[in-house]
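Work through these exercises with the sequence and the 3D view side by side. Try each task before you read its solution.

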Amino acid sequence: MNNDPLAFILNSIPSLISYVDRDLRYKFVNQSYGRWFGLEPEKVIGKTVVEIIGQAGLESIQKHIDDTLSGKFTEFERVIPYRFGGTKETHSTYVPDFGPDGQVQGFVALVQDVTEMRESERLVAEQRVKMVNSSKLAALGEMAAGLAHEINNPLFVIHGRAERLKELAQDETLDLSQVIQAAEIIEATSMRVSKIVRGLQTLSRDGGKDQIEKVSVLKLFTENAELCFQRFKNHGIELQIGTVDKNLVIECRPVQISQVILNLLNNAHDAVSMETSSKWVHLTALALGDQIQISVTDSGAGIPADLQEKIFRPFFTTKKIGSGTGLGLSISRTIVESHQGTLVLDDTSETTRFVCTLPKEQ
Ligand SMILES: Nc1ncnc2c1ncn2[C@@H]1O[C@H](COP(=O)(O)OP(=O)(O)OP(=O)(O)O)[C@@H](O)[C@H]1O
Ligand SMILES: [Mg+2]
(Lines give C-alpha, C1' and ligand atoms only; values in the text may rest on other atoms or scores of the structure.)
(Ligands and ions follow the chains in the order given, each with its own letter.)
Protein backbone atom coordinates (compact mmCIF):
# COMPACT_ATOMS: atom_id res chain seq x y z
CA MET A 1 0.00 0.00 0.00
CA ASN A 2 1.06 3.54 -0.76
CA ASN A 3 2.44 5.59 2.15
CA ASP A 4 -0.69 7.79 2.09
CA PRO A 5 -3.37 5.11 1.82
CA LEU A 6 -6.30 7.54 1.97
CA ALA A 7 -4.96 9.65 -0.92
CA PHE A 8 -4.21 6.47 -2.84
CA ILE A 9 -7.79 5.23 -2.40
CA LEU A 10 -9.34 8.60 -3.30
CA ASN A 11 -7.15 8.89 -6.40
CA SER A 12 -8.03 5.38 -7.54
CA ILE A 13 -11.78 5.99 -7.49
CA PRO A 14 -13.05 6.68 -11.02
CA SER A 15 -15.46 9.36 -9.74
CA LEU A 16 -14.77 13.04 -9.27
CA ILE A 17 -14.19 13.81 -5.59
CA SER A 18 -13.50 17.25 -4.20
CA TYR A 19 -13.71 19.24 -1.00
CA VAL A 20 -14.79 22.85 -1.31
CA ASP A 21 -14.86 25.36 1.54
CA ARG A 22 -17.52 27.99 2.34
CA ASP A 23 -15.81 30.50 0.03
CA LEU A 24 -16.07 27.94 -2.78
CA ARG A 25 -12.34 27.36 -2.85
CA TYR A 26 -11.03 23.84 -3.57
CA LYS A 27 -9.23 22.30 -0.58
CA PHE A 28 -8.92 18.89 -2.19
CA VAL A 29 -9.56 17.25 -5.56
CA ASN A 30 -8.69 13.70 -6.58
CA GLN A 31 -6.94 12.62 -9.80
CA SER A 32 -10.23 11.95 -11.62
CA TYR A 33 -11.40 15.48 -10.83
CA GLY A 34 -8.25 17.04 -12.25
CA ARG A 35 -8.31 14.76 -15.29
CA TRP A 36 -11.86 15.83 -16.15
CA PHE A 37 -10.57 19.40 -16.62
CA GLY A 38 -7.21 18.30 -18.04
CA LEU A 39 -5.34 19.60 -14.97
CA GLU A 40 -3.12 18.16 -12.27
CA PRO A 41 -4.96 18.18 -8.90
CA GLU A 42 -2.36 20.63 -7.51
CA LYS A 43 -3.38 23.12 -10.23
CA VAL A 44 -6.97 23.02 -8.99
CA ILE A 45 -6.45 23.09 -5.23
CA GLY A 46 -6.52 26.67 -3.96
CA LYS A 47 -8.52 27.94 -6.95
CA THR A 48 -12.18 28.91 -6.71
CA VAL A 49 -14.99 26.89 -8.27
CA VAL A 50 -15.80 29.64 -10.76
CA GLU A 51 -12.16 29.67 -11.96
CA ILE A 52 -12.40 25.99 -12.83
CA ILE A 53 -15.95 25.45 -14.07
CA GLY A 54 -16.74 28.97 -15.30
CA GLN A 55 -19.57 31.38 -14.48
CA ALA A 56 -22.28 29.44 -16.39
CA GLY A 57 -21.22 26.17 -14.76
CA LEU A 58 -21.37 27.74 -11.31
CA GLU A 59 -24.78 29.28 -11.93
CA SER A 60 -26.18 25.90 -12.95
CA ILE A 61 -25.25 24.37 -9.57
CA GLN A 62 -25.58 27.46 -7.36
CA LYS A 63 -28.91 26.34 -5.90
CA HIS A 64 -27.48 22.97 -4.87
CA ILE A 65 -24.42 24.64 -3.35
CA ASP A 66 -26.66 26.99 -1.35
CA ASP A 67 -28.73 24.05 -0.13
CA THR A 68 -25.61 22.19 0.95
CA LEU A 69 -24.12 25.21 2.70
CA SER A 70 -27.39 25.57 4.60
CA GLY A 71 -26.81 22.08 5.97
CA LYS A 72 -28.67 19.81 3.52
CA PHE A 73 -27.38 16.56 2.09
CA THR A 74 -27.91 17.23 -1.63
CA GLU A 75 -28.20 14.96 -4.65
CA PHE A 76 -28.96 15.90 -8.25
CA GLU A 77 -28.36 14.91 -11.83
CA ARG A 78 -27.40 17.09 -14.72
CA VAL A 79 -26.05 16.92 -18.23
CA ILE A 80 -22.73 18.73 -18.72
CA PRO A 81 -20.52 19.37 -21.76
CA TYR A 82 -17.56 17.01 -21.98
CA ARG A 83 -14.01 18.24 -22.65
CA PHE A 84 -13.55 15.71 -25.47
CA GLY A 85 -16.84 16.62 -27.15
CA GLY A 86 -20.50 15.75 -26.60
CA THR A 87 -22.11 15.69 -23.18
CA LYS A 88 -22.11 13.48 -20.10
CA GLU A 89 -24.89 12.69 -17.67
CA THR A 90 -23.67 13.09 -14.12
CA HIS A 91 -24.98 12.28 -10.69
CA SER A 92 -23.70 14.56 -7.92
CA THR A 93 -23.80 14.13 -4.17
CA TYR A 94 -22.85 17.02 -1.88
CA VAL A 95 -22.25 16.26 1.79
CA PRO A 96 -22.03 19.27 4.15
CA ASP A 97 -19.11 19.41 6.55
CA PHE A 98 -20.17 20.82 9.92
CA GLY A 99 -17.53 22.61 11.98
CA PRO A 100 -17.30 22.44 15.80
CA ASP A 101 -19.65 25.47 16.02
CA GLY A 102 -22.33 23.57 14.08
CA GLN A 103 -21.85 25.81 11.04
CA VAL A 104 -21.22 24.33 7.61
CA GLN A 105 -17.60 25.05 6.77
CA GLY A 106 -17.50 23.36 3.39
CA PHE A 107 -18.69 20.25 1.59
CA VAL A 108 -17.52 17.09 -0.10
CA ALA A 109 -18.70 16.79 -3.71
CA LEU A 110 -18.87 13.41 -5.39
CA VAL A 111 -19.64 13.48 -9.12
CA GLN A 112 -20.24 10.23 -10.99
CA ASP A 113 -20.47 9.76 -14.73
CA VAL A 114 -23.77 7.89 -15.20
CA THR A 115 -24.01 8.32 -18.99
CA GLU A 116 -23.72 4.60 -19.76
CA MET A 117 -26.00 3.56 -16.93
CA ARG A 118 -28.76 5.97 -18.01
CA GLU A 119 -28.31 4.90 -21.63
CA SER A 120 -28.78 1.23 -20.75
CA GLU A 121 -31.78 2.07 -18.56
CA ARG A 122 -33.33 3.86 -21.54
CA LEU A 123 -32.65 0.83 -23.73
CA VAL A 124 -34.26 -1.52 -21.21
CA ALA A 125 -37.31 0.75 -20.98
CA GLU A 126 -37.60 0.89 -24.78
CA GLN A 127 -37.21 -2.88 -24.95
CA ARG A 128 -39.92 -3.27 -22.33
CA VAL A 129 -42.36 -1.17 -24.35
CA LYS A 130 -41.59 -3.34 -27.39
CA MET A 131 -42.17 -6.51 -25.37
CA VAL A 132 -45.47 -5.16 -24.06
CA ASN A 133 -46.61 -4.46 -27.59
CA SER A 134 -45.51 -7.87 -28.82
CA SER A 135 -47.21 -9.59 -25.88
CA LYS A 136 -50.39 -7.75 -26.81
CA LEU A 137 -49.97 -8.94 -30.38
CA ALA A 138 -49.48 -12.51 -29.17
CA ALA A 139 -52.67 -12.27 -27.10
CA LEU A 140 -54.46 -10.92 -30.16
CA GLY A 141 -53.19 -13.78 -32.33
CA GLU A 142 -54.29 -16.31 -29.77
CA MET A 143 -57.73 -14.81 -29.67
CA ALA A 144 -58.05 -14.45 -33.43
CA ALA A 145 -59.29 -18.00 -33.92
CA GLY A 146 -61.99 -17.62 -31.28
CA LEU A 147 -62.90 -14.24 -32.68
CA ALA A 148 -63.37 -15.51 -36.21
CA HIS A 149 -65.93 -17.87 -34.75
CA GLU A 150 -67.44 -15.09 -32.63
CA ILE A 151 -67.97 -12.93 -35.69
CA ASN A 152 -68.98 -15.70 -38.08
CA ASN A 153 -71.87 -16.92 -35.95
CA PRO A 154 -73.67 -13.59 -35.81
CA LEU A 155 -73.00 -13.02 -39.52
CA PHE A 156 -74.70 -16.32 -40.21
CA VAL A 157 -77.69 -15.20 -38.14
CA ILE A 158 -77.85 -11.87 -39.97
CA HIS A 159 -77.67 -13.60 -43.32
CA GLY A 160 -80.48 -16.01 -42.37
CA ARG A 161 -82.76 -13.22 -41.19
CA ALA A 162 -82.12 -11.17 -44.33
CA GLU A 163 -83.13 -14.19 -46.41
CA ARG A 164 -86.28 -14.45 -44.32
CA LEU A 165 -87.06 -10.79 -44.98
CA LYS A 166 -86.77 -11.40 -48.72
CA GLU A 167 -89.16 -14.34 -48.47
CA LEU A 168 -91.62 -12.26 -46.48
CA ALA A 169 -91.46 -9.51 -49.07
CA GLN A 170 -92.49 -12.01 -51.78
CA ASP A 171 -95.44 -13.18 -49.74
CA GLU A 172 -98.72 -11.50 -50.72
CA THR A 173 -99.95 -11.45 -47.12
CA LEU A 174 -97.02 -9.67 -45.55
CA ASP A 175 -96.93 -10.18 -41.79
CA LEU A 176 -95.50 -6.95 -40.42
CA SER A 177 -94.78 -8.39 -36.99
CA GLN A 178 -92.52 -11.03 -38.57
CA VAL A 179 -90.67 -8.35 -40.55
CA ILE A 180 -90.10 -6.37 -37.39
CA GLN A 181 -88.95 -9.45 -35.54
CA ALA A 182 -86.40 -10.35 -38.23
CA ALA A 183 -85.15 -6.75 -38.37
CA GLU A 184 -84.77 -6.68 -34.61
CA ILE A 185 -82.70 -9.84 -34.63
CA ILE A 186 -80.47 -8.37 -37.36
CA GLU A 187 -80.10 -5.22 -35.32
CA ALA A 188 -79.21 -7.02 -32.08
CA THR A 189 -76.82 -9.39 -33.80
CA SER A 190 -74.93 -6.69 -35.66
CA MET A 191 -74.64 -4.78 -32.38
CA ARG A 192 -72.96 -7.85 -30.98
CA VAL A 193 -70.42 -7.93 -33.80
CA SER A 194 -69.65 -4.26 -33.43
CA LYS A 195 -69.18 -4.78 -29.70
CA ILE A 196 -66.59 -7.46 -30.39
CA VAL A 197 -64.80 -5.24 -32.87
CA ARG A 198 -64.79 -2.41 -30.35
CA GLY A 199 -63.34 -4.79 -27.77
CA LEU A 200 -60.55 -5.62 -30.20
CA GLN A 201 -59.82 -1.98 -30.87
CA THR A 202 -59.65 -1.40 -27.16
CA LEU A 203 -57.11 -4.16 -26.76
CA SER A 204 -54.87 -3.20 -29.64
CA ARG A 205 -54.59 0.44 -28.64
CA ASP A 206 -52.05 1.76 -26.20
CA GLY A 207 -54.08 3.12 -23.32
CA GLY A 208 -51.24 4.81 -21.42
CA LYS A 209 -52.07 8.30 -22.60
CA ASP A 210 -55.84 7.86 -22.43
CA GLN A 211 -58.02 10.18 -20.44
CA ILE A 212 -59.47 9.11 -17.13
CA GLU A 213 -63.15 8.33 -17.73
CA LYS A 214 -66.14 7.22 -15.70
CA VAL A 215 -67.21 3.76 -16.90
CA SER A 216 -69.68 1.23 -15.70
CA VAL A 217 -68.03 -1.82 -14.14
CA LEU A 218 -70.70 -4.01 -15.71
CA LYS A 219 -69.77 -2.66 -19.14
CA LEU A 220 -66.08 -3.40 -18.53
CA PHE A 221 -66.99 -6.93 -17.51
CA THR A 222 -69.33 -7.71 -20.40
CA GLU A 223 -66.95 -6.30 -23.01
CA ASN A 224 -64.11 -8.48 -21.76
CA ALA A 225 -66.28 -11.55 -21.29
CA GLU A 226 -67.47 -11.04 -24.85
CA LEU A 227 -63.86 -11.31 -26.05
CA CYS A 228 -63.10 -14.45 -24.05
CA PHE A 229 -66.41 -16.21 -24.18
CA GLN A 230 -65.73 -18.45 -27.20
CA ARG A 231 -62.27 -19.47 -26.05
CA PHE A 232 -63.62 -20.50 -22.66
CA LYS A 233 -66.47 -22.41 -24.26
CA ASN A 234 -64.11 -24.25 -26.60
CA HIS A 235 -62.23 -25.60 -23.59
CA GLY A 236 -65.37 -26.49 -21.65
CA ILE A 237 -64.76 -23.75 -19.08
CA GLU A 238 -67.69 -21.98 -17.47
CA LEU A 239 -67.15 -18.22 -17.24
CA GLN A 240 -69.42 -16.79 -14.55
CA ILE A 241 -69.90 -13.09 -14.04
CA GLY A 242 -71.12 -12.21 -10.55
CA THR A 243 -74.01 -9.82 -10.14
CA VAL A 244 -72.79 -6.27 -10.57
CA ASP A 245 -74.93 -3.25 -9.81
CA LYS A 246 -75.41 -1.58 -13.19
CA ASN A 247 -74.98 1.81 -11.55
CA LEU A 248 -71.55 0.92 -10.19
CA VAL A 249 -69.08 3.20 -11.96
CA ILE A 250 -65.33 3.58 -11.72
CA GLU A 251 -63.03 6.38 -12.78
CA CYS A 252 -60.13 4.89 -14.73
CA ARG A 253 -58.37 4.55 -18.07
CA PRO A 254 -60.80 1.94 -19.40
CA VAL A 255 -58.44 0.46 -22.01
CA GLN A 256 -55.86 -0.26 -19.34
CA ILE A 257 -58.27 -1.72 -16.80
CA SER A 258 -59.73 -3.91 -19.56
CA GLN A 259 -56.22 -5.15 -20.23
CA VAL A 260 -55.84 -6.10 -16.55
CA ILE A 261 -59.15 -7.98 -16.49
CA LEU A 262 -58.27 -9.74 -19.72
CA ASN A 263 -54.82 -10.76 -18.43
CA LEU A 264 -56.37 -12.22 -15.28
CA LEU A 265 -59.08 -14.02 -17.25
CA ASN A 266 -56.49 -15.42 -19.67
CA ASN A 267 -54.32 -16.68 -16.80
CA ALA A 268 -57.34 -18.29 -15.13
CA HIS A 269 -58.32 -19.84 -18.45
CA ASP A 270 -54.85 -21.33 -18.90
CA ALA A 271 -54.80 -22.70 -15.34
CA VAL A 272 -58.26 -24.26 -15.59
CA SER A 273 -57.91 -25.71 -19.07
CA MET A 274 -55.41 -28.24 -17.64
CA GLU A 275 -58.07 -29.54 -15.24
CA THR A 276 -60.26 -32.48 -16.08
CA SER A 277 -63.22 -32.16 -13.74
CA SER A 278 -64.36 -28.84 -12.28
CA LYS A 279 -63.67 -26.06 -14.78
CA TRP A 280 -64.88 -22.61 -13.89
CA VAL A 281 -63.74 -19.01 -13.63
CA HIS A 282 -65.60 -16.33 -11.64
CA LEU A 283 -65.32 -12.62 -12.30
CA THR A 284 -66.84 -10.46 -9.57
CA ALA A 285 -66.92 -6.86 -8.38
CA LEU A 286 -67.68 -5.54 -4.95
CA ALA A 287 -68.06 -1.93 -3.83
CA LEU A 288 -66.26 -1.33 -0.53
CA GLY A 289 -66.60 2.27 0.63
CA ASP A 290 -64.70 4.43 -1.82
CA GLN A 291 -63.04 1.42 -3.42
CA ILE A 292 -64.00 -1.30 -5.83
CA GLN A 293 -62.68 -4.80 -5.48
CA ILE A 294 -62.52 -6.81 -8.68
CA SER A 295 -61.64 -10.45 -8.31
CA VAL A 296 -60.95 -13.35 -10.62
CA THR A 297 -61.20 -16.79 -9.04
CA ASP A 298 -60.57 -20.08 -10.81
CA SER A 299 -60.83 -23.80 -10.15
CA GLY A 300 -57.27 -24.50 -11.29
CA ALA A 301 -54.56 -26.33 -9.35
CA GLY A 302 -53.30 -23.10 -7.73
CA ILE A 303 -49.86 -21.55 -7.48
CA PRO A 304 -47.15 -23.30 -5.45
CA ALA A 305 -46.15 -21.28 -2.37
CA ASP A 306 -42.56 -20.83 -3.59
CA LEU A 307 -43.75 -19.24 -6.84
CA GLN A 308 -46.28 -16.82 -5.35
CA GLU A 309 -43.68 -14.07 -4.94
CA LYS A 310 -42.18 -14.60 -8.38
CA ILE A 311 -45.28 -14.52 -10.57
CA PHE A 312 -45.48 -10.71 -10.49
CA ARG A 313 -41.94 -10.35 -11.79
CA PRO A 314 -41.54 -9.37 -15.43
CA PHE A 315 -40.77 -12.32 -17.70
CA PHE A 316 -41.56 -14.94 -15.06
CA THR A 317 -43.61 -17.66 -16.69
CA THR A 318 -44.21 -21.37 -16.21
CA LYS A 319 -45.72 -21.68 -19.65
CA LYS A 320 -43.88 -23.38 -22.43
CA ILE A 321 -41.56 -21.36 -24.63
CA GLY A 322 -43.50 -19.28 -27.10
CA SER A 323 -46.82 -19.38 -25.28
CA GLY A 324 -46.34 -16.96 -22.37
CA THR A 325 -44.18 -13.87 -22.17
CA GLY A 326 -44.48 -13.68 -18.39
CA LEU A 327 -45.44 -10.02 -18.65
CA GLY A 328 -49.18 -10.30 -18.00
CA LEU A 329 -49.14 -9.91 -14.23
CA SER A 330 -46.29 -7.40 -14.06
CA ILE A 331 -47.94 -5.14 -16.63
CA SER A 332 -51.26 -5.53 -14.85
CA ARG A 333 -49.76 -4.59 -11.51
CA THR A 334 -48.05 -1.54 -13.05
CA ILE A 335 -51.36 -0.43 -14.56
CA VAL A 336 -53.29 -0.95 -11.32
CA GLU A 337 -50.66 0.91 -9.30
CA SER A 338 -50.76 3.80 -11.77
CA HIS A 339 -54.44 3.98 -10.78
CA GLN A 340 -53.50 4.12 -7.07
CA GLY A 341 -54.73 0.56 -6.61
CA THR A 342 -53.30 -2.85 -5.67
CA LEU A 343 -53.20 -6.22 -7.40
CA VAL A 344 -52.50 -9.24 -5.20
CA LEU A 345 -52.94 -12.96 -5.00
CA ASP A 346 -55.37 -13.70 -2.17
CA ASP A 347 -53.54 -16.29 -0.07
CA THR A 348 -56.54 -16.84 2.20
CA SER A 349 -58.68 -18.17 -0.62
CA GLU A 350 -59.01 -21.93 -1.09
CA THR A 351 -59.00 -21.59 -4.85
CA THR A 352 -56.73 -19.33 -6.88
CA ARG A 353 -58.02 -15.78 -6.48
CA PHE A 354 -56.49 -12.55 -7.76
CA VAL A 355 -57.84 -9.37 -6.21
CA CYS A 356 -57.56 -5.96 -7.80
CA THR A 357 -58.58 -3.08 -5.56
CA LEU A 358 -59.11 0.29 -7.23
CA PRO A 359 -60.32 3.63 -5.91
CA LYS A 360 -63.72 4.60 -7.33
CA GLU A 361 -62.37 8.06 -8.12
CA GLN A 362 -58.94 9.07 -9.35
N1 LIG B 1 -54.73 -18.21 -12.21
C2 LIG B 1 -53.53 -18.77 -12.17
N3 LIG B 1 -53.38 -20.07 -11.78
C4 LIG B 1 -52.15 -20.65 -11.73
N5 LIG B 1 -51.00 -20.01 -12.06
C6 LIG B 1 -51.09 -18.74 -12.45
C7 LIG B 1 -52.34 -18.05 -12.54
N8 LIG B 1 -52.10 -16.78 -12.95
C9 LIG B 1 -50.76 -16.70 -13.14
N10 LIG B 1 -50.16 -17.86 -12.84
C11 LIG B 1 -48.71 -18.13 -12.91
O12 LIG B 1 -48.02 -16.90 -12.99
C13 LIG B 1 -47.16 -16.89 -14.13
C14 LIG B 1 -47.01 -15.48 -14.63
O15 LIG B 1 -48.23 -15.00 -15.14
P16 LIG B 1 -48.20 -13.83 -16.20
O17 LIG B 1 -49.59 -13.49 -16.58
O18 LIG B 1 -47.36 -12.72 -15.68
O19 LIG B 1 -47.41 -14.45 -17.42
P20 LIG B 1 -47.88 -15.62 -18.39
O21 LIG B 1 -49.35 -15.84 -18.27
O22 LIG B 1 -46.99 -16.79 -18.15
O23 LIG B 1 -47.54 -14.99 -19.80
P24 LIG B 1 -48.36 -13.81 -20.55
O25 LIG B 1 -49.44 -13.34 -19.63
O26 LIG B 1 -47.34 -12.76 -20.77
O27 LIG B 1 -48.82 -14.43 -21.77
C28 LIG B 1 -47.79 -17.88 -15.10
O29 LIG B 1 -46.85 -18.39 -16.01
C30 LIG B 1 -48.34 -18.93 -14.14
O31 LIG B 1 -47.32 -19.82 -13.74
MG1 LIG C 1 -50.69 -14.17 -18.36
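A crossing of two helices is left-handed if the near helix is turned anticlockwise from the far one by less than a right angle, and right-handed if clockwise. Helices (H or I, at least four residues) and strands (E, at least two) are DSSP runs, numbered from the N terminus. This is a predicted model: local features need pLDDT of at least 70, side-chain atom pairs count only at pLDDT 80 or more, and totals for chains, interfaces and linings use all residues. Residues are numbered from 1 along each chain as its sequence is written, while chains are lettered from A and ligands numbered from 1 in the order in which they are written.

**Exercise 1. Describe how H8 and H9 pack.**

Step 1. Two packed helices are described by the angle between their axes and the distance between the axes. Axes are lines fitted to C-alpha atoms, for helices over the stretch in contact, and angles run from 0 to 180 degrees between N-to-C directions.

Step 2. Give both values. H8 and H9 pack at about 150 degrees, and their axes are 9 Å apart.

Step 3. Add the hand. The crossing of H8 and H9 is left-handed.

Step 4. Find the contact residues. Two residues are in contact if their C-beta atoms, placed from the backbone, lie within 7 Å. H8 contributes residues including Gln 256, Val 260 and Leu 264, and H9 contributes residues including Leu 329, Ile 331 and Ile 335.

Step 5. Sort them by class. Ala, Val, Leu, Ile, Met, Phe, Trp, Tyr, Cys and Pro count as nonpolar, Asp, Glu, Lys and Arg as charged, and the others, Gly among them, as polar. The contact of H8 with H9 has six nonpolar, seven polar and no charged residues.

**Exercise 2. Which residues come nearest to ligand 1, and which element gives the most to its shell?**

Step 1. A residue is near a molecule if its C-beta atom, placed from the backbone, lies within 6 Å of it. There are 21 residues around ligand 1, and Asn 267, Ala 271, Thr 317, Gly 324 and Gly 328 come nearest.

Step 2. Assign elements. H8 and H9 are the elements that give two or more residues to this shell. H8 gives the most, with four residues.

Step 3. Sort the shell. Seven residues are nonpolar, twelve are polar and two are charged.

**Exercise 3. Trace the sheet that holds S7 and S11.**

Step 1. Two strands pair if DSSP finds at least two bridges between them. Five strands form this open sheet with mixed pairing, in the order S7-S9-S10-S12-S11.

Step 2. Find the edges. S7 (238–241) and S11 (342–345) each pair on one side only.

Step 3. Start at S7. Four bridges pair S7 with S9 (residues 280–288) in the parallel sense. Leu 239 has Val 281 in S9 as its bridge partner.

Step 4. Go to S11. S11 and S12 run antiparallel, joined by four bridges. In S12, Phe 354 stands opposite Leu 345. A hairpin of six residues links S11 to S12.

**Exercise 4. Which strands stand at the edges of the sheet S2-S1-S5-S4-S3?**

Step 1. Read the order. The sheet is open and has five strands, with antiparallel pairing.

Step 2. Take the ends. S2 (26–29) and S3 (74–81) each have a single partner strand, so one side of each lacks a neighbour in the sheet.

Step 3. Check one pair. S1 (residues 16–21) and S2 run antiparallel, joined by three bridges. Ser 18 has Val 29 in S2 as its bridge partner.

Step 4. Add the helix. H4 (residues 49–69) lies across S1, S3, S4 (87–98) and S5 (104–113), at about 155 degrees to S3.
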